[in-house]
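Subject: Structure handover

Hello,

Here is the structure I promised to pass on, with my notes below it. Please have a look at it first and then read on.

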Amino acid sequence: MNASFQHIPFVKLADLAEERMPKDERAAAMAHVSACSRCATDLDRLGELISCMRTDSGEDAPRDVIAHAINIFRQRDAQPSLLRRIVAALNFDSLTLAPAFGLRSGEATTRQLIYEAAEHDLDLRLQPQGDKWLVVGQVLGAGCAGGRVELQSDNASATAELNDLCEFRLSSVPSGSYRLRLRLKDVEVEVSELKLGK
């Protein structure tokens, strides 16, 4: 090897440091190392590293700890790097509307709520079903693909995926005060208090 033009590849230096290089190649490599300060430095560092690894008496972490650490990084990769959290503001409530002039007043069976949250609107329909409530709705705005809606209280919960039209239907839940979360790709919208029933 010519010391001024070509350095020894790292793999060959590792073989030389671990004494796995054939004797005929070893002589030429050592001649190069004696004339090349860069390769000599790399060989010394590799020798120190190999010696440190051979004398290491540390113990591996328990299998479960290693698996937990790996899962933390997998979860980070799966999630978006920047998740915006938005609290939705009530924009419309059909319960507060006065009946139209000339129409008989009657109790509406379905209540409509419209929430505004940045570039998304959330249209909810609350309908009684005996002593339970059915919650259906639609997300208005771009980027709802793969979204999920979660309704939760201390006593009950329900979840649903958004369909192609960004609609969802939650299973019937009992009356009470709930928190509704809409999870989209890069945003989480929260309705902090949704009361079902009186």
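Two strands count as paired if DSSP finds at least two bridges between them; strands themselves are DSSP runs (E, at least two residues), and helices are too (H or I, at least four), both numbered from the N terminus. With that in hand, here is one bridge to look up: R148 has E161 in β7 as its bridge partner.

A word on the source. This is a predicted model, in which local features need pLDDT of at least 70 and side-chain atom pairs count only at pLDDT 80 or more, while totals for chains, interfaces and linings use all residues. Residues are numbered from 1 along each chain as its sequence is written, and side-chain values use heavy atoms, leaving out hydrogens and water.

Overall layout: the protein chain has 4 helices and 10 strands, and along the sequence the pattern is α-α-α-α-β-β-β-β-β-β-β-β-β-β. Of its 198 residues, 28% are buried (under 20% relative accessible area with a 1.4 Å probe, protein chains only; exposed is over 50%, partly exposed in between).

Now the sheet. Five strands form an open sheet in the order β1-β10-β9-β6-β7, with mixed pairing. Its edges are β1 (84-87) and β7 (157-161), each pairing on one side only. Strand β6 (residues 148-152) runs antiparallel to β7, and 5 bridges join the two.

Next, the interior. The largest nonpolar core (buried Ala, Val, Leu, Ile, Met, Phe, Trp, Tyr and Cys residues joined through side-chain atoms within 4.5 Å) has 31 residues, and L124, L151 and L194 are among those with the most contacts inside it. Strand β10 gives the most to this core, with 5 residues. A second, separate core of 12 residues includes A17, A29, L43 and I50.

Finally, the charges. There are 15 salt bridges (a side-chain nitrogen of Lys or Arg within 4 Å of a carboxyl oxygen of Asp or Glu). One of them joins D123 and R125, with the closest N and O atoms 3.3 Å apart; D123 is buried at 12% relative accessibility, whereas R125 is partly exposed at 36%. Salt bridges that share partners also link R85, R148, E150, E161, R181, R183, E188 and E190 into one network. Another salt bridge pairs D15 with R20 (3.0 Å, N to O), and R20 is exposed at 54%.

Best wishes
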